[in-house]
Amino acid sequence: MSRSALVGNVTAMLEDAGFVVSDRCAIRPKSFDIAARRGQDLVLVKILGNIDAFNQATGHEMRRLGTYLEATPLVIGLRSRDEDLKPDVVYFRHGVPVFSPDTAYNLFIEDVPPLIYAAPGGLYVNIDGDLLADEREGRDWSLGQLANELGVSRRTVSKYEDGMNASVEIAMALQELFDAPLTSPVDVLDGAEEVHETDAMPEDPEADPDDERVVAVLTRAGYKVHPTARSPFKAVSREEDDDEDVVLTGHSKFTKAAEKRARIMSSIGHVTHTRSVYVVDQAKQESVDGTALVERGELDELHDAAELRKVIRERAEHEEAA
């Protein structure tokens with residue numbers, strides 16, 4: 001299957017599951033392909049045939065964007081090296097959850113989250129420690145008795161009851177012993193990092209020297225500016241005193257490529273519930289599909305976030321009314 005067809009299939013699946021999906025980010029470099037929202041669930045999705053193409057720089061960018069936009073970064077892929085991704089298993093690459101289209105279908109369409117995740121050493125599941133302790137005590141078994149049944153140490157059983165995860169084999173043995181499921185699903189959309197130890201959150205990249213002037217003006221206006229390196233926009237800017245005022249920002253000469261980026265920014269903003277602004281040297285129009293165009297000289301004259309919000313809102317609304 002071509003990557004384009006795979007992106008189309010995943011997009012259709014998410015739409016069938018009730019997600020609003022952005023236009024595809026058909027520009028380079030790009031850390032994610034689509035943004036999708038269903039209610040409070042917002043995901044940034046990278047779609048790959050071979051997940052080995054997912055490198056550290058892209059993973060770090062997706063994790064940062066997930067923090068800035070309050071979204072879950074994830075990768076949907078078919079295989080790794082010469083092996084297909086196993087169904088209903090969550091893998092991790094550079095701190096980002098990865099799974100197959102079949103797993104995505106079960107999660108988003110069937111509402112059946114995965115139970116297994118891959119980590120160094122094999123496949124693991126989350127054990128419900130409290131339920132395990134209740135089952136053991138209900139049979140009047142000691143830690144040692146259960147340890148003997150499982151072929152592990154007493155200390156290991158104690159760790160399971162304290163919340164340590166177990167191998168798939170141990171989980172199956174527990175289910176057979178107690179004739180009850182003692183596992184809990186991997187919460188992909190909220191808290192996947194709790195399952196998998198990851199590196200500390202990567203720091204922002206340095207702003208492009210050509211963007212330093214724009215960054216300085218936005219900072220002066222009261223925004224915390226988070227530069228990006230592999231996204232359709234140059235930065236995610238958040239007002240210091242208003243966590244809900246988030247602006248996707250771009251900057252370049254107003255070319256056909258810039259117009260394309262502005263359209264993609266608008267589509268992403270529609271899904272992520274953010275505004276977008278593109279700073280240009282000269283503009284013959286006020287906006288592109290809801291992305292406000294602001295000339296450099298105009299931006300220099302804006303002194304606070306309220307003024308910038310007003311300009312962005314008015315230009316977006318003017319285009320909607322036209």
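Salt bridges come to 14 when the whole structure is searched, and this is a predicted model. One of them ties helix H4 to helix H6, so let's look at that helix too, since its buried residues cover an arc of only 100° around the axis.

**Helix H4**
- Buried residues in H4 (residues 129-138) are Gly 129, Leu 132, Ala 133 and Arg 136.
- They sit on the same side of H4, because their arc around the axis spans only 100°.
- In an α-helix there are 3.6 residues a turn, so residues three or four places apart point the same way.
- Flip to the face turned away from that buried side and you meet the exposed residues Asp 130 and Gly 138.
- The cover over the buried residues includes strand E9 (122-127) and helices H5 (143-150), H6 (154-161) and H7 (168-178).
- After H4 comes Asp 140, with a positive phi near 60°.

**Salt bridges between distant parts of the chain**
- Arg 136 pairs with Glu 161, with 2.6 Å between the closest N and O atoms; the two are 25 residues apart, in H4 and H6.
- Both ends of that pair are buried: Glu 161 at 14% relative accessibility, Arg 136 at 9%.
- Asp 300 meets Arg 213 at 2.3 Å, N to O, which joins helix H11 to helix H9 across 87 residues.
- Here Asp 300 is partly exposed at 27%, and Arg 213 is partly exposed at 42%.
- Glu 239 in strand E13 and Arg 309 in helix H12 are 70 residues apart, yet their closest N and O atoms are 2.4 Å apart.
- Glu 239 is buried at 13%, while Arg 309 is partly exposed at 25%.

**A network**
- Arg 3, Lys 30 and Asp 33 are joined into one network by salt bridges that share partners.

Notes
Residues are numbered from 1 along each chain as its sequence is written. This is a predicted model: local features need pLDDT of at least 70, side-chain atom pairs count only at pLDDT 80 or more; totals for chains, interfaces and linings use all residues. Side-chain values use heavy atoms; hydrogens and water are left out. Buried means under 20% relative accessible area, exposed over 50%, partly exposed in between (1.4 Å probe, protein chains only). Helices (H or I, at least four residues) and strands (E, at least two) are DSSP runs, numbered from the N terminus. The arc is that of the directions from the helix axis to the C-beta atoms. Contact means heavy atoms within 4.5 Å. A salt bridge is a side-chain nitrogen of Lys or Arg within 4 Å of a carboxyl oxygen of Asp or Glu.
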